[in-house]
Amino acid sequence: MRFETIAVHAGIAADPHTGDVAPPIHLSTTFARDAQGEPLGGHTYIRESNPTQTSLESVLPELEGGDGSAVFASGMAAGIAVFQAIEPGSHVLLPDDVYHGFRAAAKEFMPNWGLTPEFVAMDDLDQLKKAIRPNTRLVWIESPSNPLLKIVDLRQAIGIAHEAGALAVVDSTFATPVLQRPLDFGADIVMHATTKYFGGHSDVQGGALIFRKKDSTYDRIRRVQNILGAVSSPFNSWLVLRGIRTMAVRVRAQAASAMTVARALEKHAGVSVVHYPGLESHPGHAIARQQMSGFGAMMSFRVRAGREAALNVVARSRVFTRATSLGGVESLIEHRATSEGPHSTTPQDLIRLSIGLEHVDDLVEDLDQALQ
Ligand SMILES: *Cc1c(COP(=O)(O)O)cnc(C)c1O
C-alpha cells in the first residue's frame, strides 16, 4: 500500500468490545497479572510500556520502512537516548549546524558520559571522511539541516559511517517520512521530533527513533528509554498517532506553499539569499531531488540590510506568528540567532520560516509588506 493509506490505517482495528473506530487513550499506570503472575495484556508498568505508546510504536516502522521503534517525551530525549547507548570512550561526529539542542548537549553533557563529540561540515563528504577516527562509533546526520537547510548526501554519508564501523543516525525532522526515508539509504536509525510535523498542530511534544533492525543497539536504547524514563506519555502518544493520519496531506500542501514563498523571496530586492532546497540556486538541490520526494516547508532567508532590518521584518509580520518551532498548521517566523541565544553561530540577518496551511498568497503578501 501507498504511504497515505498506511498512515491512515496502520495500527487501527475497530475495538471488538465497543466498536470504537478512533483508538482510545489508555491512562493506566499499572497493569494486572493473572493468578500465575503473567501480565494479562502484555504490559506491567507505564514506564516500561503502555497500550497507547505501543500503538504508536507499531505504526512508526510502517511509515519509515523499519523493524521497530521507540517513542520518547521529546525529540531531544529521543536523540539523546542514542548517545546514551554509545560506549564511553567513543568519538561521535555531528554536523556543524546540528540542531542547537544537540550542540549544547555535545558541549555540556557528552564529555561527562565519556564521549568525544566533534562537529564537521557534513555536506562536504571529504571533510566527513577526514574526521573519522578509529574510535568513531556514531555519525549523527541531519538533512535538511537547521537553520541553513543544508543537504547531506545520505547514501554517501551513511556509507562512510558504516565503513568506519560507526552507527549512522539521521535526524529527519524537517523532511518527515512523507518526503524522505533514510532507512532506505541504509541508515541504522531515523530520529524525529514528533513535536513538529507528526503532531502537526503545535500542541504536543514527542520524539521517536525508528530502527532498521531490532539488534543489540535497539535493545540498549530500549533500556535507556524505560530505565532512564523519558518515555512518551499515553496522551502525547495518542496525539502523535492522530497527527500521523493527516501528515501526508499537510506536509505536501505546506511544501507546495513553501516553494511559492521561496520563489517570491528569491526575486525580492530586500533579500540577499534564500535557503530552500527546492530552489535550483540551492547548493544541495540536485541531491535533495534524488533523495527526497519533495523539499519540505522549512526555509530561511537573509535580509540584505542586516540584523536590525531582519528584526524589523519579523516585528512587522502579521500573518506569520513570531515564535520558534515548526511543523504546525500556522506559519511561524523567527529571528533565529535570537532564538538560539548568545552562543548562536547563525548569521544575524537570517530569518527562519515554517510554512503552514494558510493561503499562500496571504503569506507572500505578508512577507512583502514586512520587507517593504
Ligand atoms: C525540534 C527539533 C528537535 C528537538 O525536538 P524537541 O521535541 O524540541 O526536543 C531536534 N531536531 C530538530 C531538527 C528539531 O527541529
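**Exercise 1. State how many residues surround the ligand, and which are the closest.**

Solution. The ligand is surrounded by 16 residues, and the closest are G75, M76, D171, T195 and K196. A residue counts as near a molecule if one of its heavy atoms lies within 4 Å of it. This is a predicted model, in which local features need pLDDT of at least 70, side-chain atom pairs count only at pLDDT 80 or more, and totals for chains, interfaces and linings use all residues. Residues are numbered from 1 along each chain as its sequence is written, and side-chain values use heavy atoms, with hydrogens and water left out.

**Exercise 2. Find which atoms of G75, M76 and K196 lie beside oxygen atoms of the ligand.**

Solution. Look for polar contacts, which are pairs of N or O atoms within 3.5 Å.
- Step 1: a polar backbone atom of G75 is 2.9 Å from an oxygen atom of the ligand.
- Step 2: M76 places a backbone N or O atom 2.8 Å from a ligand oxygen atom.
- Step 3: K196 uses a polar side-chain atom, 2.8 Å from an oxygen atom of the ligand.

**Exercise 3. Describe how helix α3 packs on helix α4.**

Solution. Helices are DSSP runs of H or I with at least four residues, numbered from the N terminus.
- Step 1: α3 (residues 75-84) and α4 (residues 100-108) pack at about 40 degrees, with axes 10 Å apart. Axes are lines fitted to C-alpha atoms over the stretch in contact, and angles between N-to-C directions run from 0 to 180 degrees.
- Step 2: α3 is therefore oblique to α4. Angles under 35 degrees count as roughly parallel, over 145 as roughly antiparallel, 65 to 115 as roughly perpendicular and the rest as oblique.
- Step 3: in α3, G75, M76, G79, I80 and F83 meet G101, F102 and A105 of α4, where contact means heavy atoms within 4.5 Å.

**Exercise 4. Describe how helix α2 packs on helix α9.**

Solution.
- Step 1: α2 (residues 51-64) and α9 (residues 234-267) pack at about 30 degrees, their axes 8 Å apart.
- Step 2: this angle makes α2 roughly parallel to α9.
- Step 3: the residues of α2 that meet α9 include L56, V59 and L60, and those on the α9 side include W238, L241 and I244.

**Exercise 5. Locate the cis peptide bonds at P144 and P147.**

Solution.
- Step 1: S143 and P144 are joined by a cis bond with omega about -10 degrees.
- Step 2: the bond from N146 to P147 is also cis, with omega near 5 degrees.
- Step 3: P144 lies in the loop between β4 (136-142) and α6 (154-163), and P147 is found in the loop between β4 and α6. Strands such as β4 are DSSP runs of E with at least two residues.

How values were computed:
Polar contact = N/O pair within 3.5 Å; in protein donor to acceptor, adjacent residues only side chain to side chain.
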